[in-house]
Amino acid sequence: MHGRSSRRALTVVAFTLLTAVFAFPAAAQEEPPPDDGIYDMIFPIVGEVYYTDTFGAPRSGGRTHAGTDLMADKMTPVVAVADGYIGGTYGEGGVGGWFHGEGQCCAMTIEHDDGWSSWYIHLNNDTPGTDDGLGWGFADGIEPGVRVTAGQLVGWVGDSGNAEWTAPHLHFELHDPEGAIVNPYPHLVEAAVLTEPGGEPYDPGMFIDDDGSVHEANIDELARRGITRGCNPPDNDRYCPQNTLTRGQTSAFLRRFLALPATEVDYFTDDSDSIFEDDINALAEAGIAFGCTESEFCPDAGLRRDEMVEFLRRTFSYEVPEGTDTFVDDDESPFHDAIEAIAAVGVTLGCNPPDNDQFCPDRILLRAEMASFIIRAITIAEAAE
């Protein structure tokens, strides 16, 4: 079994599927997942896929949706999510066996070695390029009792069964060792992704818009620590790395990191309409937040690089070294001492590599840059403990 790696949903869109899958008990019952809360598995589709959490959604006949519909083009490869054997039953009284109807295609189950099982429904039943119902959507050698390994090709996405009237997709289910139906969505989000059947998993990161950024690893770490939630709620699959960072956003990031409690004190006069007001006040209560004037915080204003380091100096209680002047362009900055403090501990190297004799104190920070500032500061602090 391949190890689990963090995974984002490549693109999540809402679909309303008006048809049902197969006959199931009236309500899907979710059981707690094992260990750390996420079942260790491979993502079942290799290729572009769209899905959202519709577990428990109403279906015809008083039933509820018992899985996750993974929307993908026909003939997109489908792989085993875990080591196990082809077999099992589904439907009322076990009707259907491992395929959809006697001699018809195409649905199957995999009985995992650890007692869990996964169900694959609506595999392809058409000749490629047609909708003739004459195809066979199982890979060569896939039949009841055959052993498969995690990541092995088992079939292809299709529209068999009662999915003939919907877009092609794989209805995927996850069952625990007691046979209870588990909501697969959170486990799919965290499943290891393959670039090809039988290949090695890769980690595409937490967000879909930061690939190739020099700050990507720090952005992902910021998300894993719960400091950022993304920039496009409710999906939050984007980080917006090239957007400017605001003073209000900074307050939210730092408050989440410090887990600061709320306060009833209102420290500034201009943040009552800001979604970050509670974060700003909590940070001010802790002696970290500072205004853009004596009475205003300017929550929507872009955060300058020198302001960022002042926030970090206060957050991590850096001492200001004596007799240092690391950069040639920060003498007029009101936060010169903070710049020297964070340079001394290695949080910043400068803004003009390879020389790095400038700090660019007046430049507005990008969200990507902020991730590196905060994660470097956290990493250095943890190493010193």
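Let me begin with a definition, since the helix names I use depend on it: helices here are DSSP runs of H or I with at least four residues, and they are numbered from the N terminus. What we are looking at is a predicted model, and with that naming in hand I can start at the end of one helix, where Gly346, just after α6, takes a positive phi of about 95 degrees.

Before going further into α6, let me give the overall picture. The protein has 385 residues, of which 51% are buried, and its secondary structure comes to seven helices and 11 strands. If we take the contacts with a separation of 6 or more, 72% of them are between residues 24 or more positions apart. The accessible surface comes to about 17200 Å², and carbon and sulfur atoms account for 49% of that area.

Now back to α6, which covers residues 336-345 and has seven of its 10 residues buried, so that the helix is largely enclosed by the rest of the structure. The buried positions are His336, Ala338, Ile339, Glu340, Ala341, Ile342 and Ala343, and you will notice that this list includes His336 and Glu340. What lies over these buried residues includes α5, at 305-316, and α7, at 367-384.

One residue of α6 that I would like to follow is Ile342, which counts as buried because its relative accessibility is 0%. Leaving out residues up to four places away in sequence, Ile342 touches Val309, Tyr318, Val347, Thr348 and Phe373. Its C-alpha atom is also 8.3 Å from that of Val320, a residue 22 positions away along the chain.

A comparable description holds for α4, where seven of the nine residues are buried, so this helix too is largely enclosed by the rest of the structure. Those residues are Glu277, Asp279, Ile280, Asn281, Ala282, Leu283 and Ala284, and their cover includes α3 and α5. Just after α4, Gly287 takes a positive phi of about 80 degrees.

Let me turn to the nonpolar cores. As general background, nonpolar side chains tend to be buried together in soluble globular proteins. In this model the largest nonpolar core has 46 residues, and those with the most contacts inside it are Met308, Phe311, Leu312, Phe373 and Ile374. At least two residues of this core come from each of α2 (216-224), α3 (247-258), α4 (277-285), α5, α6 and α7, and α7 gives the most, with eight residues. Taking Ile374 as an example, and leaving aside its neighbours within four places in sequence, we find it in contact with Leu222, Ile227, Phe253, Leu254, Met308 and Leu312. There is also a second, separate core of 33 residues, which includes Ile45, Leu174, Val182 and Val189.

The last item is a helix pair, and here I will put a question to the group: at what angle do the axes of α2 and α7 cross? They cross at roughly 70 degrees, with the axes coming within 8 Å of one another, and that makes α2 roughly perpendicular to α7. The crossing of α2 past α7 is left-handed. On the α2 side the residues that meet the partner helix are Asn218, Ile219, Glu221 and Leu222, while on the α7 side they are Ala368, Met370, Ala371, Ser372, Ile374 and Ile375. Two of these, Leu222 and Ile374, bring us back to the contacts I listed for Ile374 a moment ago, and with that I will stop and take comments.

Note on methods. Residues are numbered from 1 along each chain as its sequence is written. Side-chain values use heavy atoms; hydrogens and water are left out. Buried means under 20% relative accessible area, exposed over 50%, partly exposed in between (1.4 Å probe, protein chains only). Contact means heavy atoms within 4.5 Å. Accessible areas come from the Shrake-Rupley method with a 1.4 Å probe; for residues, only the protein chains shown count as cover. A nonpolar core is a set of buried Ala, Val, Leu, Ile, Met, Phe, Trp, Tyr and Cys residues joined through side-chain atoms within 4.5 Å. Axes are lines fitted to C-alpha atoms, for helices over the stretch in contact, and angles run from 0 to 180 degrees between N-to-C directions. Angles under 35 degrees count as roughly parallel, over 145 as roughly antiparallel, 65 to 115 as roughly perpendicular and the rest as oblique. A crossing is left-handed if the near helix is turned anticlockwise from the far one by less than a right angle, and right-handed if clockwise.
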